[in-house]
Structures are given as structure tokens and as C-alpha cells.
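User: I'd like to go through this one and ask how each label was earned. Can we take it point by point?

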Amino acid sequence: MKKAKIRYGLWSMVLVMLFSLTSCLDDANEETSPNCAILSFSIGSITSNVTVKKYDAAGGAKDTVVERTIAGKEIYFNINQLEGHIYSVDSLPVWTNLKRVVPSIVSNGTVYWKSEEAGGLYYSVRSGVDSLDFSKPLELLCVSTDGSARRTYTVDIYQHKENTDTLEWKMSETNLAVTNISRTLYASDKVFAFAQNAEGDAVVTVADKKDNTVWSAPVTIPVDEASVVLFKNKFYGRGADGSIYSADPAQMAAAWTKVGNQQVERLLAADASYLYAYDGTSIIGSSDVDTWTVMGTEDLDMLPETDLFSVSHPSRTNANMQQTVMAGMNSQNEKNGVVWYKVGSVDASINQNWAYVQVTDDNSYGLPRLQNFSMTYYHGAIYAMGAVDGKYQYLYCSNDNGITWHPLTAKYLMPKDLTPAEGVARIVAVDDYLWIVQENGKVWQGSIQ
């Protein structure tokens, strides 16, 4: 049995040469030749239109069509050569559109697909180009280069049959041994937990996204564990002297190097173009961590003081724009958390300063004041968690870049066995999954279908 990753890309539908094969091949050669086989199978990314509910400031819900793209790096196909069966190991969400999927096929012959609509005739497959309908089982035929042998395969891309619209959590006991987790970040196919060891030193520990049970031995780091930001696929953190240090996720964030000469009081956020910090008088930004520009001077007393997290994503209306949100807790606001928003771009004409998102009287859905707050960007929205009155009661969702936050109830409950009494827990998106990492060594993994 052979495993092959699903890799996802764009659609095209190109039907090519129609060819009937059954009359020229000897049935005795079916599935007998090692020179006639599909060796690997993968597909491109799948973008689907999905109807979701979005909320206005008054809490009213409206059905809205959004695009969701499955990042399929973590989904696999198995090939059972004995039975001629190619199938996805995991079931895709019910909303996935499987009618136009581009397969990439490696074989030692020529591959054709069977069209039931055309009376069972076969069409040749241009690997990585032609889009096919996988909403039901599809038959593929591999013919040896000399035409002397053939082998048929049935391809099944499994999909949830009902829209359960639920968030189910799976808890794993792990070897994680740290305290006071301040950051969980996903980079280079790994999840990084920035925390403290038993002596109170800042450390980092790492788990591969394929196995949340095994974490590396904690490594001491020369930066504040709560300051770490991911920018251009590198970690940046603030040292005790206010200097900025960087580390490469590919090297497990174990080696940190001082960069630039800028002194900062806090690292704040990052988007595709800029790293942002607070220098004591202004919010500043830099594209190279060397030259810094002022990008905000107002409402600085409302910057997050604790549990500072940020997310950034491309604008749906302009590919050159990034929308970035940072949020956290501030002692001056006893009712709500504080949220800041920025539109960023290398184009100076649309590169705006940071702005504080004030919770107005008509907005009853501001970010609640939460203990051990954390947030992440997942499936086109911001998801956040934190404790209220000693409980992780709700997962909160914002579809409008932090203006309103809505507790997800009923089918989107938090894990029943997750409690603040057992330690600080943080949330992070890992491809199509949400992870909750808790300092007591437990990790929960869930997916919203």
C-alpha cells in the first residue's frame, strides 16, 4: 500500500482525446503487470462557496456566501494496488465542491478516466491540468506504454455526508512539560509553544503538526516568551535590554540573533510587509527590522498590556492589502478587551496607521474581558478563547476584523475537560484544525466542518 499526499491547486476543465480501449486489450492482462500501475495520486486545492452566518453590531444574523479553500497538505491518499482502490484517508467537509477537481497522477503507463455519461467511454487524463468530477466514485484506467496490459482503479474522495455543523474536540495526553504558556505559533509545519520552565526561564518547545503528543525538550531563549511574533517566516522577540532578536522556525527556534539597533518596549504584530512595535512614544513599523517608520500615535494608553495576540490576512477585495488585528487586555478597560486594526500595504497610498477599535454604546458584542486570552485566524474568521469566572465557556468568533465578537454556543462548545484550574491554555490554527495547548500537557484538536 502506498501513501501519497493531497496537494491542492486551481481548476481547469479540458476534455481531451476520446478513446475506447476495451476492444484492443486482452482481459487476461488486467491487473497483472507491474509495468502498468498508478504510483501516486494527489489533487489540487479545492475552493468552494459556503453559506455562513455573519452578525451585525446589533447581533442580527445574515446568511452570507464566502469562499473556503481547503489547504490539503495534511490529507493523504492511499493506493491499494491489490484491489485497485485509491481513496482519501480523511473525509473532507460536507461543503467541499468535488465536481471539478484537478488530479495529479504519476504512473508508468497512460491514464484514462471513464465517463458514464458518455456510455462508458474513456478520456485520457492530463495530469495536473484536467478537472474531473469526484463527487462520486470515479474509475481510472492505466494502460501500459506498449498497450499489452491494463489496470483499473476506483477513486473515492470521501466526504462527510451530513452537515453536522459541529466542533468536536479530541484530547491527547502529551509529554509537554512547561508552565505559563504565552504563545502558540504555527510555522514550518510545526507548532511552537513559548512558555517558561520550572525555574521561570523563557523557553520554547516544538511539536510536529502530524503528532501533537510528542514535544521537544524545552530550550531556553533570550527573549520574553510573551513577545514573540512571526514575521516573514521568522520569529522575532524582545530581549531584556529592549533589543530585537530573531530565530528561524526551521531550526526549531533554538538559535537567536540580535537584529538591528532599534530599542522597543513591546513587539505588537506583523503582516506580510511590516513588523510592528511600540517604542514608548509611537507605534512603529519596519519592513527590514532596520529602518523604522511611525505608524500610530493616538490612543496609545489603550494598547494591549497583557495577553497580546495578533492575526493578519490578505484583503478579499485587494490582493495588495493586508488586514491586521491585534487584541489583548488593558487595565483601563474593566469590561472589555482592547482591539486594534490596521490596513497595511507596501503601497504608501493605502498603508494606514494603526487605529484603536473603540467599543461604542450600540455595540453589545465587543471583545469580552477574558483571562488567558488568545486568538487565531481560521477559515476566514478570527477565533478567540479565554476564561470567565474560572471557566473556558465559549469560543468567540469575529467575522469583521475584531469589531464584534460572538460566543459560539450549542454545537461549537469548548472541550468539556478543559479547565483553567489545570493551567494556561492557548489556541492556534494548524491548517484545517484548531489546537488548544495547555501547560499541563494536554492538547485538544478540533475542526469546524
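Analyst: Sure. Searching the whole structure, which is a predicted model, turns up seven salt bridges.

User: What makes Lys-209 and Asp-189 a salt bridge?

Analyst: Their side chains come to 2.7 Å, N to O. The cut-off is 4 Å between a side-chain nitrogen of Lys or Arg and a carboxyl oxygen of Asp or Glu, so the pair qualifies.

User: Which parts of the chain does that pair tie together?

Analyst: Lys-209 is in the loop between β16 (202-208) and β17 (219-220), while Asp-189 is in the loop between β14 (179-187) and β15 (190-196), so parts 20 residues apart in sequence are tied together.

User: Why is Lys-209 called buried, and why is Asp-189 called partly exposed?

Analyst: Buried means under 20% relative accessible area, and Lys-209 has 9%, so buried is the right word. Asp-189 has 38%, which falls between 20% and 50%, so Asp-189 is partly exposed.

User: How do you know that Asp-431 and Lys-209 form a salt bridge?

Analyst: The N to O distance between their side chains is 3.3 Å, and the limit is 4 Å, so this pair counts too. Asp-431 sits in the loop between β34 (425-430) and β35 (433-438) and Lys-209 in the loop between β16 and β17, so the parts tied together are 222 residues apart in sequence. At 22% relative accessibility, Asp-431 is over the 20% limit for buried and under 50%, so the label is partly exposed.

User: Which residues are linked in a network of salt bridges?

Analyst: Asp-189, Lys-209 and Asp-431. Lys-209 meets Asp-189 in a salt bridge, and Asp-431 meets Lys-209 in a salt bridge as well.

User: What makes Glu-422 and Lys-442 a salt bridge?

Analyst: Their side chains meet at 3.4 Å, N to O, and the cut-off is 4 Å, so they pass. Glu-422 belongs to the loop between β33 (406-408) and β34 and Lys-442 to strand β36 (residues 442-448), so this bridge ties together parts 20 residues apart in sequence. With 35% relative accessible area, Glu-422 is partly exposed, whereas Lys-442 is buried at 14%.

User: On to the rings. How many aromatic pairs does the structure hold?

Analyst: The structure holds 14 aromatic pairs. One of them is Phe-41 with Phe-77, at 4.8 Å centre to centre and 80 degrees between the planes.

User: Why is that pair called edge-to-face?

Analyst: Ring centres must lie within 6.5 Å to pair, and planes over 60 degrees apart count as edge-to-face; 4.8 Å and 80 degrees meet both conditions, so the label holds. The pair links distant parts of the chain: Phe-41 is in strand β3 (residues 38-43) and Phe-77 in strand β6 (residues 76-80), 36 residues apart. Both Phe-41 and Phe-77 are buried. Phe-41, Phe-77 and Phe-134 form one aromatic cluster.

User: How do you know that Tyr-394 and Tyr-396 are edge-to-face?

Analyst: Their centres are 6.1 Å apart, against a limit of 6.5 Å, and their planes make 80 degrees, against a threshold of 60, so edge-to-face fits. Tyr-394, at 25% relative accessibility, is partly exposed, but Tyr-396, at 8%, is buried.

User: What makes the charge of Arg-183 sit over the ring of Phe-309?

Analyst: The charged end of Arg-183 is 4.6 Å from the ring centre. The distance limit is 6 Å, so that part of the test is met.

User: Why is Gln-322 called buried?

Analyst: Gln-322 has 14% relative accessibility and the limit is 20%, so Gln-322 is buried. Gln-322 is in strand β27 (residues 322-329). Its contacts beyond four places in sequence include Asp-271, His-313 and Val-343.

User: What joins the side chains of Gln-322 and Ser-312?

Analyst: A polar contact of 3.0 Å. The cut-off is 3.5 Å between N or O atoms, so the pair is inside it.

User: And the chain as a whole: how many helices and strands does it have?

Analyst: Zero helices and 36 strands. Buried residues make up 51% of the 449 residues.

User: What is the mean pLDDT of the chain, and where does pLDDT stay under 50?

Analyst: The mean is 86, with 87% of residues reaching 70 or more. Over residues 1-29, pLDDT stays under 50.

Definitions and conventions: Residues are numbered from 1 along each chain as its sequence is written. Side-chain values use heavy atoms; hydrogens and water are left out. Helices (H or I, at least four residues) and strands (E, at least two) are DSSP runs, numbered from the N terminus. Buried means under 20% relative accessible area, exposed over 50%, partly exposed in between (1.4 Å probe, protein chains only). A polar contact is a pair of N or O atoms within 3.5 Å; within protein, one must be able to donate a hydrogen and the other to accept it, and residues adjacent in sequence count only if both atoms are side-chain atoms. Contact means heavy atoms within 4.5 Å. pLDDT is the predictor's confidence in each residue, from 0 to 100. Rings of Phe, Tyr and Trp (its six-membered ring) pair if their centres lie within 6.5 Å; planes under 30 degrees apart count as stacked, over 60 as edge-to-face and the rest as tilted. A charge sits over a ring if NZ of Lys or CZ of Arg is within 6 Å of the ring centre and within 35 degrees of the ring normal.
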